[in-house]
Amino acid sequence: MTLTTADADTRTLYAFDDLAGLMGRMAGADKHGPAASSTLDVLWVLYDRVLRVVPEGAEDPGRDRFLLSKGHGPMAYYAVLAAKGFIAPEQLETFGDYDSPLGHHPDRTLIPGVEIGSGSLGHGLPLGVGTALGLRAQGLLDPAVWVLTGDAELDEGSNHEAIAYAGAAGLDRLHTVVIDNQSATHGWYGGIASHFAAAGWSTATVDGRDHAVLFEAFTRPHPGRPHAVVAVVEPKN
Amino acid sequence: MTTITDATMRDRFISTASALLDEDPRLAVVLADISATGFDAAAAAHPDRVINVGIREQLLVSATGGLALTGLRPIAHTFGSFLVERPFEQVKLDLGHQGVGAVLVSALGSFDWPAGGRTHMSPADVALLDTLPGWTVHVPGHPDEAELLLRDAAAADGLVYVRLSLQRNPRPGRSRPAGS
């Protein structure tokens with residue numbers, strides 16, 4: 001099955017309040033439920049107000065890149081992609097089916113607008129480092145690279161290779177948003193942001209449900225440094 | 001083609017990749033400290049396309065995948081044990097699963113450096129890559145063969161592993177038509 005993007009002229013315009021209905025169209029949407037909804041507000045603010053990417057420009061070299069590293073619970077992600085016209089809303093009803101491209105972890109080779117295949121944790125941020133390097137090497141200095149991770153996902157050591165290097169290299173087009181639902185088994189001594197700050201990143205820790213505050217944190221200037229936003233939501237447990 | 005017959009395959013990789021960086025703006029070389037000094041001149045000429053991530057082999061391979069996602073042709077290099085075995089999931093997912101192409105070039109293949117001990121032996125690199133779809137594996141027997149295969153891999157689009165060794169045959173093999 002191949003997904004097609006909706007035509008720009010006939011596309012329905014969706015608002016944040018429509019996302020619950022779109023998520024409800026996904027059978028088995030209870031799978032990874034809490035993980036799915038913790039990302040909803042962040043995803044919406046990014047796709048609605050921050051990211052410069054549209055379905056017609058999903059292959060444009062100058063587009064912003066959004067890398068969903070925390071591939072668990074992709075229902076909110078699929079709902080936002082449908083709301084923004086990357087996938088047809090009726091496709092959501094195939095979620096998790098035998099022949100559906102919409103699996104329980106996103107696959108970039110199957111879904112328009114999905115930049116990476118994820119699921120195994122700790123791959124998005126290092127891929128984002130390479131993406132930022134690749135854009136810079138081609139003189140594409142404008143596109144932003146955004147990576148969404150979870151606080152527990154930061155347990156994976158591969159993230160710390162990426163955080164340390166990105167800070168040292170001053171990759172100022174690289175951005176990370178950490179969804180902090182306090183699910184890391186051992187927590188983060190000193191707070192999550194301090195680990196980024198110690199590596200030379202610009203950081204902000206904000207309410208992950210407040211759209212105005214998220215937008216301000218996402219668009220804060222950070223010359224010469226990568227930028228990390230810790231979006232705090234209600235605890236998973 | 002240069003014929004510096006006293007150089008190792010690894011030396012030839014450095015000179016060949018450095019020359020290719022001048023010729024092909026699509027190429028990038030990604031390092032994890034190993035062989036980095038050999039690329040000093042290339043890095044000065046192409047600071048954005050010779051990338052040394054430090055001693056971080058997971059990032060070496062993942063950043064290679066990210067570079068490929070933007071349309072570049074990345075060549076990642078370190079010792080075989082740290083290029084294939086240590087970051088094997090990155091090879092599997094950040095190259096293969098993303099559907100991108102890249103070139104991996106090792107050094108000290110197999111039991112090249114017995115005195116280095118088990119930590120620096122990687123006799124299973126080829127076998128491991130053979131468990132993943134889409135890889136083309138080359139095991140040259142002479143620096144001249146290595147250069148030919150490196151140039152071919154750099155110009156291609158898919159996933160290619162070139163395993164380099166300190167061992168070498170006295171002469172390069174005769175080239176044969178494909179399939180013979």
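**Exercise 1.** In this predicted model, determine which strands helix H5 of chain A lies across, and how H5 runs relative to S2(A).

*Solution.* Step 1: Helix H5 spans residues 124-137 of chain A. Step 2: The strands beneath consideration are S1, S2 and S3 (174-180) of chain A, and H5 lies across these. Step 3: The angle between H5 and S2(A) is about 175°. Angles over 145 degrees count as roughly antiparallel, so H5(A) runs roughly antiparallel to S2(A).

**Exercise 2.** Describe the sheet of chain A: in what order do the strands stand, and which are the edge strands?

*Solution.* Step 1: Five strands of chain A make up an open sheet with parallel pairing, and their order is S1-S2-S3-S5-S4. Step 2: Strand S1 (65-68) and strand S4 (202-207) of chain A each pair on one side only, and these are the edge strands. Step 3: From one strand to the next, the twist averages 20°. Step 4: S1(A) pairs with strand S2 (residues 145-150) of chain A in the parallel sense, over four bridges. Arg65(A) stands opposite Val145(A) in S2(A).

**Exercise 3.** Characterise the packing of helices H3 and H4 of chain A.

*Solution.* Step 1: H3 (residues 40-50) and H4 (residues 75-83) of chain A pack at an angle of about 25°, and their axes are 9 Å apart. Step 2: Because angles under 35 degrees count as roughly parallel, H3(A) is roughly parallel to H4(A). Step 3: The crossing of H3(A) past H4(A) is right-handed. Step 4: H3(A) contributes Leu40(A), Leu43(A), Trp44(A) and Tyr47(A) to the contact, while H4(A) contributes Ala76(A), Tyr77(A), Val80(A), Leu81(A) and Ala83(A). Step 5: By class, this contact has nine nonpolar residues, no polar and no charged ones.

Methods. Residues are numbered from 1 along each chain as its sequence is written. Chains are lettered from A and ligands numbered from 1 in the order in which they are written. This is a predicted model: local features need pLDDT of at least 70, side-chain atom pairs count only at pLDDT 80 or more; totals for chains, interfaces and linings use all residues. Side-chain values use heavy atoms; hydrogens and water are left out. Axes are lines fitted to C-alpha atoms, for helices over the stretch in contact, and angles run from 0 to 180 degrees between N-to-C directions. Helices (H or I, at least four residues) and strands (E, at least two) are DSSP runs, numbered from the N terminus. Angles under 35 degrees count as roughly parallel, over 145 as roughly antiparallel, 65 to 115 as roughly perpendicular and the rest as oblique. A crossing is left-handed if the near helix is turned anticlockwise from the far one by less than a right angle, and right-handed if clockwise. Contact means heavy atoms within 4.5 Å. Ala, Val, Leu, Ile, Met, Phe, Trp, Tyr, Cys and Pro count as nonpolar, Asp, Glu, Lys and Arg as charged, and the others, Gly among them, as polar. Two strands pair if DSSP finds at least two bridges between them.
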